[in-house]
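Me: Please take a close look at the salt bridges in this model, and then at the parts that surround them. I would like the cut-offs behind each term as you go.

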Amino acid sequence: MTITAVPVIENGCLTVRGKVVLTGVPENVVISPSSSESAFLGANSTNSSSHHVFNLGVLEHSKFMCLFIAKIWWMIPRVGKSASDIPLETQMLLLEVGEESVLDLVDEDIPTESATENKFYVLVLPILDGAFRTTLQGTPSNELQFCYESGDPNVQTSQALEGVFVNAGDNPFELIRDSIKILAKHKGTFSHLENKKTPAHLDWFGWCTWDAFYTEVSPNGIKDGLQSFKEGGISPKFLIIDDGWQETENEFHKEGEPIIEGTQFATRLTDIKENIKFKASDSDGTSTNLKELIHYIKENYGLKYVYMWHALAGYWGGVLSSSEALKKYNPKLEYPVQSAGNVGNIRDIALDSLEKYGVGVIDPQKVYDFYNDMHSYLANSGVDGVKVDVQNLLETLGSGYGGRVSITKQYHEALDESIEKNFRDNNLICCMCHNSDSIFSSKKSATARASEDFMPNEPTFQTLHIASVSFNSLLIGEIVVPDWDMFHSNHNTAEFHGAARALGGCPVYVSDKPGEHDFKILKKLVLHDGSILRARYAGRPTRDCLFIDPVMDGKSLLKIWNLNKLTGVIGVFNCQGAGSWPMKQPSESTPTVVSITGRVSPVDVEFLDEIAGENSTGDCAVYAFNSGSLSRVASNKAFQVTLGVLECEIFTVSPIKVLNEDVHFAPIGLINMYNSGGAVEECSFKDTSVTIKARGTGLFGAYSSKKPSYCKVENKDEDFTYNSENGQLTIYLQGESSFKEIEISY
């Protein structure tokens with residue numbers, strides 16, 4: 001019998017569903033119910049302060065996964081079993097609760113669900129509480145603590161009534177989703193993704209200028225890049241003109257002298273309009289300002305969306321207070337103050353520099369005017385949206401402005417209002433915004449970067465990137481569409497990164513230098529019309545990967561699952577042996593990884609039953625992209641996959657249905673695309689035929705237990721191939737139309 005009681009504190013223990021989660025809970029900890037299985041934890045203090053650290057109790061011998069801010073801008077995951085493993089600045093804690101002995105009983109011949117029936121999950125989520133922001137942390141004696149801070153010495157309290165949210169559930173993904181919905185309704189400071197308008201650029205292939213040019217971006221460079229894509233047969237449909245287009249000044253740099261290290265981060269914005277590079281006439285005389293450039297590249301290269309980069313505070317060092325163009329926004333030079341959590345983890349050179357040189361902070365009462373003036377100017381120039389970066393900077397600037405939560409809320413509300421007024425389709429990409437101040441102030445913004453940058457020149461960062469984006473998507477994927485960042489199509493890890501983005505439910509864009517592209521990789525991601533086969537949700541680790549370390553334990557593969565309209569997809573990645581997590585030392589016993597073997601099952605795809613529908617056999621057709629193999633697998637059975645370091649495999653999982661009692665059929669999709677099943681829009685059964693609506697061109701595959709009598713595409717007979725040994729049916733889809741109707745008759 002399932003216990004559905006709300007979490008309670010009894011006899012000094014926090015108990016959830018009858019299981020003790022925390023022991024030694026202090027008497028000053030308070031609990032208040034939120035729903036049938038959730039509650040808020042808080043605490044009382046004898047002193048009023050802007051910064052409290054409260055003990056919640058002892059957490060030991062409990063398998064967990066947490067997300068924490070390792071460096072002020074970005075979250076990463078960490079797994080462990082006791083509170084001493086929980087770092088400062090932890091923003092989500094997920095516990096697995098159940099009989100420990102069950103965990104080791106999984107066998108290839110045992111139905112996978114039998115290993116999970118005695119488990120449930122507890123989410124411990126530090127949140128915003130009025131003007132205060134909460135994080136979790138552990139102590140060497142395994143005490144779980146929560147830090148409760150305003151970021152303004154003048155904003156004080158002695159009570160933290162709703163600092164931590166606790167909820168329980170049988171499905172970890174439903175648990176996180178439902179918790180976010182409860183909190184969004186209760187707090188009113190943010191919205192669940194389901195209630196937001198997602199920007200249209202997400203479904204189109206893109207190019208970002210950052211790695212291609214860094215701050216040296218220019219109109220000619222942009223044209224060269226777009227031309228080289230066009231000549232290769234794949235043109236981006238959205239473009240991000242990144243840092244380097246704005247009018248800025250480094251007050252601390254004297255012409256002719258070397259730049260003083262650190263002052264580059266204190267560079268400040270001096271105008272809302274483009275700099276001289278984008279005003280000067282090009283060598284071909286085609287553009288003399290930003291507006292003319294954007295008109296030209298849209299007309300000549302088929303771009304649908306052009307985004308411009310800017311920082312939330314204007315630029316890294318804010319705005320120049322002495323600028324005549326910006327004086328009306330009442331900027332004031334302020335000096336950031338980092339929290340104890342920031343400096344207790346990894347210090348960041350940018351923040352250390354800004355602490356010394358200051359930030360030109362726009363008056364929160366004037367920040368809407370600033371955004372509206374800039375965005376209306378950009379919109380009138382043909383710009384479709386903005387990427388707004390360096391957002392977590394605001395958490396250090398709350399003193400004198402009501403605290404970190406208050407200033408973040410004011411800036412985000414102003415940004416949302418300006419975006420809604422100036423850009424049609426909520427065209428905003430948020431970046432460097434992983435603190436809970438930003439996450440839980442996100443009312444309208446609908447997409448945000450999921451991890452630290454793709455670092456093309458850092459070989460040890462590649463595996464960390466894929467692991468980080470998938471784990472971080474557990475939390476942020478309920479509030480925004482996670483953006484897994486650009487990558488390079490001609491990089492030695494391009495297959496690894498491309499495959500991940502194909503199933504991440506995220507935008508697909510690269511930052512290739514002009515002429516440096518691998519179109520073989522791009523053609524596995526991009527359809528002929530420039531659209532992509534984007535999966536429905538945020539790609540997240542499979543349930544059996546939630547509490548393992550896929551980067552450093554030396555034995556585990558990372559599996560990421562997602563759903564398309566009619567198929568599931570599982571990406572398997574060997575992230576071991578190529579890098580180490582920040583703040584975590586490799587174990588001396590960790591072996592040098594060459595290859596790893598893991599288990600994959602159709603049940604790794606959550607909610608697969610929802611798309612299986614009626615007439616399902618209970619089996620699935622499983623197509624392995626790289627090996628090109630097709631297999632029939634019972635839904636509760638597993639098979640093995642072996643991968644070397646930085647290798648991956650993608651499995652399309654399609655539930656098999658029965659047609660006319662004797663034909664078993666499952667669509668696979670475009671088998672030369674990483675996310676093959678994303679091409680299947682509809683599939684219907686009638687009498688002795690199957691009708692499929694498919695996207696794109698190329699080789700379309702399906703599983704069929706019998707050879708068809710004939711196949712038609714757009715009502716015309718089409719040749720097909722059929723392999724009676726594995727049931728693979730293939731048809732080549734031709735033509736320029738985006739959607740095609742396939743009829744398969746028996």
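Reply: What follows goes through individual ion pairs, then a network, and then some contacts elsewhere in the chain.

The model is predicted, so local features are described only where pLDDT is at least 70 and side-chain atom pairs count only at pLDDT 80 or more, whereas totals for chains, interfaces and linings use all residues. Residues are numbered from 1 along each chain as its sequence is written, and side-chain values use heavy atoms, with hydrogens and water left out.

A salt bridge here is a side-chain nitrogen of Lys or Arg within 4 Å of a carboxyl oxygen of Asp or Glu, and this rule gives 38 salt bridges. One of them joins the side chains of Arg17 and Asp170, at 2.6 Å from N to O. Arg17 lies in the loop between β2 (13-16) and β3 (19-22), and Asp170 in the loop between β14 (157-169) and α1 (172-187), so this pair ties together parts that are 153 residues apart in sequence. (Helices, H or I with at least four residues, and strands, E with at least two, are DSSP runs numbered from the N terminus.) Arg17 is buried at 9% relative accessibility, while Asp170 is partly exposed at 45%; buried means under 20% relative accessible area, exposed over 50%, and partly exposed in between, with a 1.4 Å probe and protein chains only.

In another pair, the side chains of Asp178 and Arg177 meet at 3.3 Å, N to O, and here both partners are partly exposed, Asp178 at 33% and Arg177 at 27%.

The salt bridge between Asp604 and Lys559 has an N to O distance of 3.0 Å. Because Asp604 sits in the loop between β30 (595-600) and α13 (608-612) and Lys559 in strand β28 (residues 558-563), the pair ties together parts 45 residues apart in sequence. Asp604 is buried, with a relative accessibility of 7%, and Lys559 is buried as well, at 4%.

Beyond single pairs, salt bridges that share partners join Glu89, Arg133, Glu149, Glu395, Arg404 and Asp437 into one network. Ser339, which is found in the loop between β20 (332-334) and α5 (340-344), touches Glu89, Glu149, Glu395 and Arg404, leaving out residues up to four places away in sequence, where contact means heavy atoms within 4.5 Å. Ser339 is buried, with a relative accessible area of 9%.

Arg404 also falls within the range of helix α8 (residues 404-422), whose axis comes within 9 Å of that of helix α7 (residues 367-380) and crosses it at roughly 30 degrees. Axes are lines fitted to C-alpha atoms, for helices over the stretch in contact, and angles run from 0 to 180 degrees between N-to-C directions. The two helices, α7 and α8, are therefore roughly parallel to each other, a term for angles under 35 degrees, with over 145 roughly antiparallel, 65 to 115 roughly perpendicular and the rest oblique. Among the residues that meet across this pair are Tyr368, Tyr371 and His375 in α7 and Tyr411, Leu415 and Ile419 in α8.

Elsewhere, Cys648 is in strand β34 (residues 648-659) and is buried at 10% relative accessibility. Its contacts, apart from neighbours within four places in sequence, include Glu495, Phe496 and Ala499.
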